Amino acid sequence: MSTERAAAHTPDNERPDDVLARFHGVIPAGGTGTRLWPLSRAAAPKFLHDLTGSGSTLIRATYDRLRPLCDGRTMVVTGVVHRRAVLEQLPEIEDLNLVLESEPKDSGAAIGLAAAILHRRDPRIIMGSFAADQVIAPVEVFQDAVREAIHTAARGYIVTIGIKPTHASTGFGYIRAGEPLAVDGAPSAHAVIEFVEKPSQDVADGYIESGNYSWNAGMFVAPVDLMLKHLSANEPELYAGLTEIAEAWDTPRRVEVARRVWPTLPKIAIDYAVAEPAAAAGDVAMIPGEFSWDDVGDFAAIGRLNPAEENSELTVMGEGARVFSENASGIVVSDTKRVIALIGIDDVVIVDTPDALLVTTKEHAQEVKTAVERLRASGDTDVL
């Protein structure tokens, strides 16, 4: 770490508690969770559901995880159609900290706008972006990792929290870690050499064997000025539009400017717009996440997160679900009072809602997205 980098971001007299006080949480709450259809819909995506049986929806759990780190300093970025549902679950969110997208523009615009608004309020803010639909435990270990990330970000880095892989997954991107960094308050900080796209099985096996790779969970902690510096250099059109919206955000012109500018913004993921080029420039660090993590990507994941009851191989979810099983295993999610009987069938996935029924297996759970695409193409959007 260069002397210039440290001096530019952290004054010599700044105490550790002062660094933590600069932290603001950002929760991007987007997507439709198509692999969890018909439970997850466009109007009620997966972050609005309790998918773990905890009694808390995913977005509520995300907010509560961040609360001890940034109570009262949390921003949510979500779609206009989700405004009412999000406010019902997070009544603490103030209007100025609820950023509503008129249409999806990917994570580059969502996270970039949050950074631009926060920078306008205070250019020394350190932001942390954490998706609304992830399941993490233990919470205290996650919070410790975020604190390390904040201290590392204060030294002039965009910091990602890499997840220790439990298997050679081809469904996640990876982060290649480099040398350790000497950061006070962040003993596990490492430089990042590169971000890697979803690999083939053979390549993923090699990553796990090397021990130098972590899963990319899309968690970023960074000084807002550094985020915007890379966004400006790599996506100047997006940067200009987001800056125009941010300048009007805390004024009466907010709605008019956002309605005019947002639809014109290019779509790009934050990984391509900021993280990957920043890593190439040596500006990215990683904190290893020694906690369990799941992005609840399909119904097989829900089965993992909700073990079957003792003496049963079938997970049943849904208030008042009426399920009879004999020599059956898998998961049933019921939103109706219909009786569901399973006899002699293994690893089944059944999702029963008033207007749609899904029947598949855990092995083919990822293919639910294809069914959604075909329904959309055929015009059956009333069930999406």
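Helices here are DSSP runs of H or I with at least four residues, and strands are runs of E with at least two. On that basis, the protein chain has 13 helices and 17 strands. One caution before we go on: this is a predicted model.

Overall dimensions first. The chain has 384 residues, and a compact globule of that length would have a radius of gyration near 21 Å. The protein chain comes out at 22 Å, so the two agree. Along the principal axes, the C-alpha atoms fill a box of roughly 70 × 50 × 35 Å.

Now burial and surface. Of the 384 residues, 51% are buried. The exposed area is about 17,700 Å². Carbon and sulfur atoms supply 50% of that area. On charge, we have 35 positive and 56 negative. Their mean positions sit 6 Å apart.

How much of the contact network joins residues at least 24 apart? Take the contacts between residues at least 6 apart in sequence: 67% of them join residues at least 24 apart.

Next, the backbone. Two cis peptide bonds to look at. One runs from Trp 37 to Pro 38, with omega near 5°. Pro 38 is in the loop between strand S1, residues 23-29, and helix H3, residues 58-70. Keep Pro 38 in mind; we meet that residue again at the end. The other cis bond runs from Ala 137 to Pro 138, with omega near -10°. Pro 138 lies in the loop between strand S5, residues 135-137, and helix H6, residues 139-153.

Then positive phi. Asp 106 has phi near 75°, and this residue is not a glycine. Asp 106 is in helix H5, residues 106-121. Buried or exposed? Neither: relative accessibility is 42%, so Asp 106 counts as partly exposed. The cut-offs are under 20% for buried and over 50% for exposed. Asp 347 also has a positive phi, about 55°, without being a glycine. This one is in a loop, between strand S15, residues 339-343, and strand S16, residues 348-353. Asp 347 has 40% relative accessibility, so Asp 347 is partly exposed too.

On to two helices. H6 first. H6 has 15 residues and reaches 21 Å from first C-alpha to last, close to the 21 Å expected at 1.5 Å a residue. Which residues of H6 are buried? They are Phe 142, Gln 143, Ala 145, Val 146, Glu 148, Ala 149, Ile 150, His 151, Thr 152 and Ala 153. Note the polar names there, including Gln 143 and Glu 148.

Now H11, residues 270-280. Its buried residues are Ile 270, Ala 273, Val 274, Ala 275, Ala 278 and Ala 279. A reminder on helix geometry: an α-helix has 3.6 residues a turn, so residues three or four places apart point the same way. What do the buried residues of H11 pack against? The partners are H5, helix H8 (224-234), and four strands: S6 (158-163), S8 (190-196), S9 (213-223) and S10 (284-289). Just after H11, Gly 282 takes a positive phi of about 80°.

Last, three buried residues and their contacts. I leave out neighbours up to four places away in sequence.

Ala 29 is in strand S1. Relative accessibility is 1%, so Ala 29 counts as buried. Ala 29 touches Phe 47, Ile 59, Val 76, Val 77, Thr 78, Gly 79 and Ala 132. Asp 50 is 21 residues from Ala 29 along the chain, and their C-alpha atoms are separated by 15 Å.

Gly 303 is in helix H12, residues 299-305. Here the accessibility is 11%, so Gly 303 is buried. Which residues does Gly 303 touch? Thr 315 and Ile 331. Val 332 lies 29 residues from Gly 303 in sequence and 9.0 Å away, C-alpha to C-alpha.

Finally, Thr 353, in strand S16. At 6% relative accessibility, Thr 353 counts as buried. Thr 353 is in contact with Pro 38, Arg 41, Asp 335, Thr 336 and Arg 338. There is Pro 38 again, on the Thr 353 contact list and in the cis bond after Trp 37. Ser 334 is 19 residues from Thr 353 along the chain, with 6.4 Å between the C-alpha atoms.

That's it from me. Over to you.

Methods
Residues are numbered from 1 along each chain as its sequence is written. This is a predicted model: local features need pLDDT of at least 70, side-chain atom pairs count only at pLDDT 80 or more; totals for chains, interfaces and linings use all residues. Side-chain values use heavy atoms; hydrogens and water are left out. The radius of gyration is taken over C-alpha atoms; the globule rule is 2.2 Å times the number of residues to the power 0.38. Buried means under 20% relative accessible area, exposed over 50%, partly exposed in between (1.4 Å probe, protein chains only). Contact means heavy atoms within 4.5 Å. Accessible areas come from the Shrake-Rupley method with a 1.4 Å probe; for residues, only the protein chains shown count as cover. Lys and Arg count as positive and Asp and Glu as negative; His and the chain ends are not counted. The place of a charge is taken as NZ of Lys, CZ of Arg, CG of Asp or CD of Glu. The expected span of a helix is 1.5 Å times one less than its number of residues.
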